[in-house]
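Welcome! Below are some exercises, each followed by a solution that goes step by step. Have a look at the structure, then try each task before reading on.

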Amino acid sequence: QLSEIHADKIPPSHITIAGWVRTKRGSKKLSFIEINDGTCAKSLQVIVDASLSNYADVEKLTTGCSVKIEGNLVLSPAKGQKYEMQAKNVHVFGYADPETFPLQKKEMTFEYLREVAHVRPRTSTFSSVFRIRSRVSTAIHRFFEEQGFFYAHTPVVTTADGEGAGESFKVTNFDFDKLPKTKEGKTDFSQDFFAEPTMLCVTGQLEGELMTMGLNRVYTFGPTFRAENSNTSRHLAEFWMVEPEFAFADLNDNMQLAQDMIRFVVSDVLKHCSDDIDVCIQKTQNDTREYLKMALERPFVRVSYTEAVDILSKCKTDFENPVFWGCDLKSEHERYLCEEHFKSPTIVFDYPEELKAFYMYLNDDGKTVRAMDILMPGIGEVIGGSQREDREDILIARMKKLGIDTNAMDWYISIRRFGSVPHSGFGVGLERLIMWITGMSNIRDVIPFPRTPGNCKF
Ligand code: 4AD
Ligand code: MG
C-alpha cells in the first residue's frame with residue numbers, strides 16, 4: 001500500500017501496487033503514471049518503458065483507469081518525491097472512458113463535484129477529507145474509551161421529539177393518506193406498524209440519559225435527522241452526532257469534557273493526517289493548522305450569554321439581526337464573538353430559558369438555563385449541551401409550558417423519581433467539527449453523501 005511506502009515502512013524493493021490512475025503523460029517510448037490507491041494523500045509515479053509487452057494497453061490509460069503494477073520501487077532522482085517505481089508488469093482492471101468519466105485532470109469546483117458525488121471520493125481533496133473524517137471518528141471513540149465512557153446505541157426510530165422543535169421526519173409503513181381517521185378526524189395510527197406516530201431521531205440524548213443512570217458514563221455516535229428546511233452551508237437533513245452523557249456532572253464538568261475531547265481529536269488528527277491536512281489547506285487556501293494549534297495551546301474562552309450580548313451590543317459591527325437580551329444568537333453573532341472578539345474557540349453558557357430545549361437545568365435566577373454552546377472560528381456553533389434538569393417538578397412545569405405531552409414522555413421524566421442525580425452532556429455535530437478541522441466551507445463537502453432539501457440522489 002502507498003501509505004506504507006510513504007511512511008517508509010517498505011524499503012526500496014520489488015513491489016506490487018494496485019490503484020487508480022490520477023494522471024498519465026508520455027510518449028511512444030516512455031509513460032509516466034501517477035497512481036493512487038486511496039490509502040494516503042500521496043501518489044506514486046510509475047515509469048513504464050515501451051519494451052513492456054503490453055505497452056499498447058498502457059498508452060491507452062487515462063485518468064480514472066484501474067491498474068495493478070509490479071516493478072521496482074527506487075529512490076527518485078526527481079524533485080518533490082522520495083520514491084518512484086519502474087514497472088515490469090502492468091495489468092489493467094478497467095478503463096475509464098475520458099469522454100464520459102466525470103473527473104478530469106483539470107481543477108474542478110466543489111459545486112461541480114457535488115453533482116458527481118458518486119465519484120467524488122476519487123479526487124485528492126475528497127479522499128483526504130474522508131480519511132480525516134474517519135480519523136476524527138475513531139479518535140472520538142478512543143477519547144471516550146480512555147475517559148471511561150461506554151458506547152451506547154440509541155434507537156433511530158423513536159416516538160419522542162427529543163429537542164421539542166418539531167423538525168422530525170415521520171416514519172410509517174403506510175401512505176399517510178391511506179391511514180384511517182379517528183372519530184375526531186385525526187390520523188389513526190393503530191393500523192400503522194408501531195401502532196403510534198413515530199419519527200427518525202433528532203437526537204439520542206434522551207435515551208442516552210436513561211443509559212447514564214445505569215452505566216454512569218455513556219456516549220452515542222450515530223446519524224440524526226432534522227427536517228429543518230434551511231438551505232445553508234452548515235445544515236444537513238442527515239448528520240452524525242456524538243452525544244456523551246455523564247452522571248454526577250455539572251455544567252463546568254461538561255465544558256471541561258468538551259474541551260478535552262476537541263483537543264484530543266485535534267492532536268490525533270494533526271499527528272496522523274498531516275498530509276491530508278496539507279491537501280485541504282492547499283485546496284481551500286485556509287490554514288487550519290494555525291488555529292488548530294491555537295486551540296491546543298490556550299484554554300477555550302468561557303463567556304456567559306449575558307456578557308456575550310453585552311459585547312455584541314457594544315461592538316461597532318452592523319448585524320443583520322438585532323442584538324438584545326433574549327435574542328437568539330445567529331451565525332453572524334457567533335462568528336463575531338469567536339472570530340473577531342475573542343479569536344478563540346468560545347463557550348457561551350447560561351442562555352435564556354426561552355431559547356433552549358425543555359430538558360435543561362433552570363438556574364436560580366429563574367430566567368436562564370445551564371446550557372452551553374461551543375463556537376468555533378469559521379463555523380459558529382459546533383457543540384450544544386447542558387446540565388440536565390434533574391428535578392421532576394421543575395421539568396414537568398417547563399414541558400407543560402412548552403406544550404409537550406408529559407404523559408407520553410413519562411418514561412423520560414420518571415428517572416427523576418428514581419434515584420435522580422445531577423447529570424450533563426453535549427452533542428457534537430461531527431460534520432461541523434470536520435469543517436473546522438479541514439477548513440472546508442460547505443457542510444455538503446465533509447460528508448460522502450449529503451442529504452439536503454431537494455437532494456437525496458446518491
Ligand atoms: O444543539 P443541538 O440541537 O443539541 C442537541 O441535539 C442535544 N440533544 C445535544 C446534547 O446535549 N446531547 O445539536 C448539537 C449539534 C450542534 O451544535 C451542531 O453542531 C449539530 O449538532 N447540528 C447540526 N449539524 C448539521 N446539520 C444540522 N441540521 C444540525 N443541527 C444540529
Ligand atoms: Mg444547538
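## Exercise 1: A residue in a loop

Pro322 is exposed, because 8 other C-beta atoms lie within 10 Å of its own. Task: find where Pro322 is placed, and say how its burial class follows from a count.

Step 1. This is a predicted model, in which local features need a pLDDT of at least 70 and side-chain atom pairs count only at pLDDT 80 or more, while totals for chains, interfaces and linings use all residues. Residues are numbered from 1 along each chain as its sequence is written, and chains are lettered from A and ligands numbered from 1 in the order in which they are written.

Step 2. Pro322 sits in the loop between helix H9 (305-314) and helix H10 (331-341). Helices (H or I, at least four residues) and strands (E, at least two) are DSSP runs, numbered from the N terminus.

Step 3. Now apply the cut-offs: a residue is buried if 20 or more other C-beta atoms lie within 10 Å of its own, exposed if 12 or fewer, and partly exposed in between, with C-beta atoms placed from the backbone. The count for Pro322 is 8, so this residue is exposed.

Step 4. From C-alpha to C-alpha, Pro322 and Leu312 are 9.7 Å apart in space and 10 residues apart in sequence.

## Exercise 2: The buried face of a helix

Task: list the buried residues of H9 and explain why they line one face.

Step 1. The list is Tyr305, Ala308, Val309 and Leu312.

Step 2. Viewed down the axis of H9, these buried residues fall within an arc of 100°, so they line one face of the helix. The arc is that of the directions from the helix axis to the C-beta atoms.

Step 3. A general rule helps here: an α-helix has 3.6 residues a turn, so residues three or four places apart point the same way.

Step 4. The packing partners of the buried residues of H9 are strand E12 (301-304), H10, strand E13 (346-352) and strand E14 (368-376). Contact here requires C-beta atoms, placed from the backbone, within 7 Å.

## Exercise 3: A buried residue for contrast

Task: is Ile434 buried or exposed, and which residues does Ile434 touch?

Step 1. Ile434 belongs to helix H13.

Step 2. Ile434 has 26 C-beta neighbours inside 10 Å and therefore counts as buried.

Step 3. Leaving out residues up to four places away in sequence, Ile434 touches Ile132, Arg133, Val136 and Val446.

## Exercise 4: Pairing strands

Task: describe how strand E1 pairs with E2 and with E4.

Step 1. Two strands pair if DSSP finds at least two bridges between them.

Step 2. Strand E1 (residues 14-26) runs antiparallel to strand E4 (residues 66-75), with seven bridges between them. In this pairing Ile17 is opposite Ile69 in E4.

Step 3. Six bridges link E1 to strand E2 (residues 30-36), also in the antiparallel sense. Here Val21 faces Ile35 in E2, and a hairpin of three residues joins E1 to E2.

## Exercise 5: The edges of a sheet

Task: which strands stand at the edges of the open sheet with the order E7-E9-E8?

Step 1. This open sheet has three strands and antiparallel pairing.

Step 2. Strand E7 (157-158) and E8 are the edge strands, each with a single partner strand, so one side of each has no neighbour in the sheet.

Step 3. E8 and E9 are joined by two bridges, and Lys170 lies opposite Met199 in E9.

## Exercise 6: Around the ligand

Task: which residues are closest to ligand 1, and which strand gives the most to its shell?

Step 1. The shell around ligand 1 has 23 residues, the closest being Thr203, Gln205, Gly384, Gly427 and Gly429. A residue is near a molecule if its C-beta atom, placed from the backbone, lies within 6 Å of it.

Step 2. Strand E15 gives the most, with six residues.

Step 3. By class, the shell holds six nonpolar, 10 polar and seven charged residues. Ala, Val, Leu, Ile, Met, Phe, Trp, Tyr, Cys and Pro count as nonpolar, Asp, Glu, Lys and Arg as charged, and the others, Gly among them, as polar.

Methods
Contact = placed C-beta atoms within 7 Å.
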